[in-house]
Amino acid sequence: MERSALLSRVGAGYDPCAALQTCFTLAPGASTDVVCIAGQTSSIEEAHELVLAYDGAPAFEQSLLKTRAWWDNLLGTVEVHTPEHAANFLINRWLLYQSLSCRMWGRSATYQSGGAFGFRDQLQDSLAFVHTRPQTTREQIVLAAGRQFPEGDVQHWWHPPGGAGIRSRISDDLLWLPYVVASYIRTTGDHSILTEKVAFLDAPQLEDAEHEVFSTPSTSVEHAAVFEHCQRAVERALRFGSHGLPLMGTGDWNDGMNLVGAEGRGESVWLGWFLVVVLEGMKELCDIQGEEDLGHAYEQQSSKLTQAIEDTAWDGEWYLRAFFDNGAP
């Protein structure tokens, strides 16, 4: 496209498009480098400053070296060596690079490129960075805590910056907050995350007949420490069916099992296992916070749930996956 064709077609509402042209002459057998710069600023003045900062080959080369050094520092922190070379290539650098660039920044995946944050999704992804870039994990913890309602449930996913998203009855989402907090502290020793104050979301609760609602909730005036956000998540999850197992709701990490417990009585064996681990982590957090009685209560609940799983979910050869709303395994 010629540059002149765009001069009268700029402004809001058009597809983003640019046309650049440069001329150079190459002698036979010669080569040259052409560098194109794309960026974003909040003003034209800042854009001019950015262009001037990268004017000339030395500035560009220096920037490229700094970028490579940044990635080398991040991706080279942990190395795994196994007899399987393919695994080494995958684990060392590639997976961590993908986790940050694709999952945390791009919020994309092979079948899901919506750009939204998933409450469980990016919390899980952030665990990849507890050894290499723990601030990424901490930032995601605080961000996720801010997508929790005072009742303890959370947005299943949301779009920044407005926060429009889904409030649902999926049962595992909220438990990833205490799980990741415990894992983060176990690795980093950063207890200060527990006292970080974060606001809740404000929106109507789901009606009895509603499985999910898409809305843009407001930010509540109520704030609480991350430790209390974890408490509210666990308390919300401590709802059990006739077998003493946690209620599945409309999915328990496997979103495809959305009808197993949609009527509110179905129970999840997987969620029971996960909840046992989360309760053990909450006991650790209570020890840090000096909440001895609460920690003991979580410990008792974990033991009780473990026994319920053994009593009801083992069929002699395999563990059951769940119970339907009507009680069928």
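Which residue in β3 does H159 stand opposite? In this predicted model, H159 stands opposite A164 in β3, and this pair belongs to a sheet that can be followed strand by strand.

The sheet is open and is formed by four strands in the order β1-β2-β3-β5, with antiparallel pairing. At its edges stand β1 (117-118) and β5 (212-215), and because each of these has a single partner strand, one side of each is left without a neighbour in the sheet. Strand β2, residues 155-159, pairs with strand β3, residues 164-168, in the antiparallel sense over four bridges, and within this pairing W157 has I166 of β3 as its bridge partner. On the other side of the pairing scheme, β3 and β5 are likewise joined in the antiparallel sense over four bridges, with E212 in β5 serving as the bridge partner of S168. Five of the five residues of β3 are buried, so this strand is largely enclosed by the rest of the structure.

The connection between β2 and β3 has backbone features of its own. The two strands form a hairpin with four residues between them, and G163 in the turn has a positive phi of about 90°. P161 also lies in the loop between β2 and β3, and the peptide bond leading to P161 from P160 is cis, with omega near 0°.

Positive phi values also occur in two arginines. R93, which lies in helix α3 (residues 85-106), has a phi near 85°, a positive value in a residue other than glycine; with a relative accessible area of 38%, R93 is partly exposed. R107, in the loop between α3 and β1, has a positive phi of about 45° although it is not a glycine, and R107 is buried, with a relative accessible area of 17%.

Turning to the packing of nonpolar residues, the largest nonpolar core comprises 46 residues, of which I141, L175 and V181 touch the most other members. Two or more residues are given to this core by each of α4 (119-126), α5 (134-145), α6 (176-188), α7 (226-237), α8 (269-289) and α9 (292-312), and the largest share, eleven residues, comes from α8. When neighbours within four places in sequence are left aside, L175 is in contact with A233, V234, A237, L271, F274, L275 and V278. Apart from this core lies another, of seven residues, among them L74, L75, L96 and F129.

Two of the contributing helices, α4 and α6, have axes that come within 10 Å and cross at roughly 10°, which makes α4 roughly parallel to α6. Their contact is made by F119, R120, L123, Q124 and S126 of α4 together with W176, L177 and V180 of α6. Classified by residue type, this contact has five nonpolar, two polar and one charged residues.

Towards the start of the chain, V34 lies in the segment before α1 (44-53) and counts as partly exposed, at 48% relative accessibility. Not counting residues up to four places away in sequence, V34 touches T22 and F24. The C-alpha atoms of V34 and A297, which are 263 residues apart along the chain, are separated by 65 Å.

Notes: Residues are numbered from 1 along each chain as its sequence is written. This is a predicted model: local features need pLDDT of at least 70, side-chain atom pairs count only at pLDDT 80 or more; totals for chains, interfaces and linings use all residues. Side-chain values use heavy atoms; hydrogens and water are left out. A nonpolar core is a set of buried Ala, Val, Leu, Ile, Met, Phe, Trp, Tyr and Cys residues joined through side-chain atoms within 4.5 Å. Buried means under 20% relative accessible area, exposed over 50%, partly exposed in between (1.4 Å probe, protein chains only). Contact means heavy atoms within 4.5 Å. Two strands pair if DSSP finds at least two bridges between them. Axes are lines fitted to C-alpha atoms, for helices over the stretch in contact, and angles run from 0 to 180 degrees between N-to-C directions. Angles under 35 degrees count as roughly parallel, over 145 as roughly antiparallel, 65 to 115 as roughly perpendicular and the rest as oblique. Ala, Val, Leu, Ile, Met, Phe, Trp, Tyr, Cys and Pro count as nonpolar, Asp, Glu, Lys and Arg as charged, and the others, Gly among them, as polar.
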